[in-house]
Amino acid sequence: MSDLFHNDVSPEFIAQVFEVIRETPQHTYQVLTKRAQRLSRIAGELGWPLNLWMGVRVETRRFAFRIDHLRKVPAAVRFVSAEPLLGPLGELDLAGIDWVIAGGESGAGARPMELDWVTELRDACTSAGVAFFFKQWGGRTPKAGGRELEGELWDELPVSTAA
């Protein structure tokens with residue numbers, strides 16, 4: 001895995017990746033970045049395929065600014081990955097966001113996720129009409145803590161404009 005919007009990746013290479021995505025409309029591609037500022041800066045130079053869903057990672061409130069950059073991108077679906085969710089995100093502006101994925105950290109030394117952090121995020125999504133997907137509680141293994149949030153599975157998906 002890598003970050004397509006890393007500074008060492010040229011805009012020309014990103015455009016080539018987008019062209020491959022456009023040429024394979026039978027697939028839906030999810031591209032996730034931590035480099036939201038660069039994403040919004042070069043978004044206008046790219047031809048955005050309808051089968052490309054663009055997301056930013058927001059693991060703590062400190063990185064919520066990435067959502068503002070994502071909103072500037074003309075992607076068919078814009079999503080936030082709050083995985084691993086490492087702290088409360090607080091009040092978020094989810095305008096222009098189609099989907100939020102949340103989950104806990106897994107692996108050796110995984111930091112625990114608090115119930116309140118996840119329910120606050122789920123409730124914000126529900127209020128804003130944003131699809132919410134709860135992936136996992138995390139723990140020693142990804143499946144260690146299960147997927148239920150307050151006794152329910154949250155498997156909502158965004159509505160895509162792709163045909």
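Start by selecting Val 100 and Phe 132: Phe 132, in β5, is the bridge partner of Val 100. The model is predicted, so local features need pLDDT of at least 70 and side-chain atom pairs count only at pLDDT 80 or more, while totals for chains, interfaces and linings use all residues. Residues are numbered from 1 along each chain as its sequence is written, and side-chain values use heavy atoms, with hydrogens and water left out.

**The sheet**

Widen the selection to β4 and β5, which run parallel and are joined by 5 bridges. Strands (E, at least two residues) and helices (H or I, at least four) are DSSP runs, numbered from the N terminus. Two strands count as paired if DSSP finds at least two bridges between them.

Now show the 5 strands together: they form an open sheet with parallel pairing, in the order β1-β2-β3-β4-β5. At the edges are β1 and β5, each of which pairs on one side only. From one strand to the next, the twist averages 25 degrees. Axes here are lines fitted to C-alpha atoms, for helices over the stretch in contact, and angles run from 0 to 180 degrees between N-to-C directions.

Next, select residues 115-128, helix α4, which lies across β3, β4 and β5 and runs at about 155 degrees to β5. Contact means heavy atoms within 4.5 Å.

**The salt bridges**

How many salt bridges does a search of the whole structure find? The search finds 11, each being a side-chain nitrogen of Lys or Arg within 4 Å of a carboxyl oxygen of Asp or Glu.

Stay with β5 and select Lys 135 with Glu 83; they form a salt bridge whose closest N and O atoms are 3.6 Å apart. Glu 83 lies in the loop between β3 (77-82) and β4 (99-103) and Lys 135 in strand β5 (131-136), so the pair ties together parts 52 residues apart in sequence. Glu 83 is buried, at 18% relative accessible area, and Lys 135 is partly exposed, at 39%. Buried means under 20%, exposed over 50%, and partly exposed in between (1.4 Å probe, protein chains only).

Move to Arg 35 and Asp 3, whose side chains meet in a salt bridge (2.9 Å, N to O). Arg 35 sits in the loop between β1 (29-33) and α2 (36-42), and Asp 3 in the segment before α1 (11-22), 32 residues apart. Is each residue buried or partly exposed? Arg 35 is partly exposed, at 32%, whereas Asp 3 is buried, at 14%.

Finish with Arg 57, Glu 59 and Arg 66, a network linked by salt bridges. Within this network, the side chains of Arg 57 and Glu 59 meet at 3.7 Å, N to O. Glu 59 counts as buried, at 8% relative accessibility.
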